[in-house]
Amino acid sequence: MSLWSLLSSPVWGLGFVLLILVPLLRLGVQIWYKIHLWDLQGCSTDLTGKTAVVTGANSGIGKAVSQELARRGARVILACRSRERGQGALTEIQAATRSNRLLLGGVDLSSMASIRSFVQWLLRESPEIHLLVNNAGVSGFPRTRTPEGLDLTFATNYIGPFLLTNLLQGALQRAGSARVVNVSSFRQAHGYIDEEHLIGAGGPLTFNQNYDCSKLLLASFTGRLAQRLQGTGVTVNSVSPGVVYTGIMKNSPWLYRFLFWLLSIFFKNSKQGAIPVLYLCLAKELDGISGKYFSSSCVITLPPKAARDPHVAQSLWNTTVRLTNLDKMD
Ligand SMILES: NC(=O)c1ccc[n+]([C@@H]2O[C@H](COP(=O)([O-])OP(=O)(O)OC[C@H]3O[C@@H](n4cnc5c(N)ncnc54)[C@H](OP(=O)(O)O)[C@@H]3O)[C@@H](O)[C@H]2O)c1
C-alpha cells in the first residue's frame with residue numbers, strides 16, 4: 001500500500017494530522033506563555049535571611065514556588081500533610097537549588113488540631129516569618145465532613161488558611177515587613193457565599209462548586225484581613241495561577257481527569273503556574289499593596305461582588321473566628 005493511500009484512509013489520515021497539529025499547538029501555546037507571563041528571571045529580589053512558609057509544597061505549584069524561593073536564598077518551610085511526599089519534594093528541591101535551608105513541617109490543613117500543633121512547632125523553629133504562601137488546596141470532593149465537623153473542601157481551602165494566617169500574625173508582624181499570598185482561582189466567579197457550607201450544610205452545590213465557593217471565601221478573607229493588618233507592615237493578596245496541569249483533579253471522576261489530561265497541551269505546567277504566585281511573593285512594585293486579587297496575568301482585578309461586600313466579609317469573619325475557636329484564645 002502506498003503512503004498516499006494509507007494517509008487517505010480516515011483513521012491514518014486523522015492520526016497523521018494530529019501528529020503534526022498537536023506539537024505545533026503545544027509550541028504555539030508555549031510561545032504565548034513565554035511572551036505573556038511575568039518576567040521572573042528579570043526580577044532581582046533576593047531572599048537571603050528571609051523565612052518563607054509554603055503549604056502544599058510537595059507537588060504542583062507549591063513545589064515550583066518553594067524551589068524558586070529557595071533558589072533566591074530563603075529559608076523555606078515546606079508545610080505538607082504527607083511526610084513521605086514532603087521529604088521527596090525536599091530532596092528534589094535541595095538537589096536543584098543546593099539549598100541547605102529547607103525544612104519539612106507536617107500539617108493537615110483540613111484539621112484545626114493539626115494546624116495548631118504545626119504552628120506551635122513552627123514558632124519554635126522560626127519566630128519571624130516574612131512570607132506565607134497559602135497554596136494547599138483540594139477539588140473534586142463531594143460534601144464530606146471532617147472529624148471536627150467541617151466540610152472537607154471548605155476546611156482545606158478556606159478555614160485552614162484563615163486559621164493558619166491568624167495564628168501566624170505575630171510572627172508575620174515581628175518580621176517587620178511580610179507578605180501573605182493566598183492562592184485562589186478564577187473559578188471563584190462561579191461560587192456564592194453561604195456560611196452554612198463551612199459545616200457541610202447550606203445551599204445546593206453543583207459538581208465541584210464547593211471548590212468555587214471556597215475560593216470566593218478566600219477572596220473575602222483576603223480583603224477583610226488586609227483591612228485589619230493596615231499599618232502593621234504585613235500585606236495580603238490573592239492570585240489565580242490560571243489553568244495549570246497538576247494533580248489538582250486527582251479526586252475528580254475519571255472522565256474529568258481524562259478531559260484535563262486531553263486538554264493539558266493548552267495548560268500551563270507547574271513552573272508556569274507558579275509565576276503569578278511568585279509575582280505576589282517577589283515583585284518590588286507590590287510593596288504596600290494589600291487586599292487585592294490578581295488575575296493569572298498578574299493584573300489587579302476586581303473579585304466577584306460578594307467577596308467585596310464589607311457586611312458579608314465581617315459576618316463571615318465572625319463565623320470563622322467562632323468555628324476555629326480563635327475567640328477563645330487569650
Ligand atoms: N491547577 C490548576 O489549574 C489551578 C487553578 C486555580 C487554582 N489552583 C490552586 O493552586 C493551588 C495548588 O494546587 P495545584 O494545582 O498545584 O495542585 P496539586 O499538585 O494537587 O497541589 C495541591 C497541594 O495541596 C496539598 N494539600 C491538599 N490537601 C491538603 C491538606 N488537607 N493539608 C495539607 N496539604 C494539602 C496537596 O498535598 P497532597 O499531595 O498530600 O495531596 C498538594 O501538595 C491550590 O490551592 C489550587 O486550588 C490550581
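So, is Arg-98 buried or exposed? Keep that in mind while I walk you through this one, which is a predicted model.

Okay, Arg-98. What makes me stop there is the backbone: phi is positive, about 60°, and the residue is not a glycine. As a reminder, most residues other than glycine have a negative phi. On the chain, Arg-98 falls in the loop that links helix H4 (83–97) with strand S3 (102–106). And back to my opener: Arg-98 is exposed, because just 9 other C-beta atoms lie within 10 Å and the cut-off for exposed is 12 or fewer.

Now, Cys-298. Here again phi is positive, near 65°, in a residue other than glycine. Cys-298 is in a loop too, between strand S7 (293–294) and strand S8 (300–301). The surroundings, though, are another story: Cys-298 counts as buried, since it has 20 C-beta neighbours inside 10 Å, and 20 or more is what buried takes.

Next up, the ligand. Which residues come nearest to it? Out of 28 around the ligand, those are Gly-56, Gly-60, Gly-137, Ser-185 and Thr-246. If you sort the shell by class, you get 15 polar, 10 nonpolar and three charged residues. Helix H3, residues 60–71, gives the largest share of that shell, with three residues.

Last thing, the N-terminal stretch. The unreviewed UniProt entry annotates residues 12–29 as a "transmembrane region". In the model that span is 100% helix and 0% strand, and its end C-alpha atoms are 26 Å apart.

That's my tour; over to you.

How values were computed: Residues numbered from 1 in each chain as written. Predicted model: local features only at pLDDT ≥ 70, side-chain atom pairs only at ≥ 80, totals over all residues. UniProt positions renumbered as here; feature names shortened; annotations may be inferred. Helix = DSSP H or I, 4+ residues; strand = E, 2+ residues; numbered from the N terminus. Near = placed C-beta within 6 Å. Nonpolar A, V, L, I, M, F, W, Y, C, P; charged D, E, K, R; others polar.
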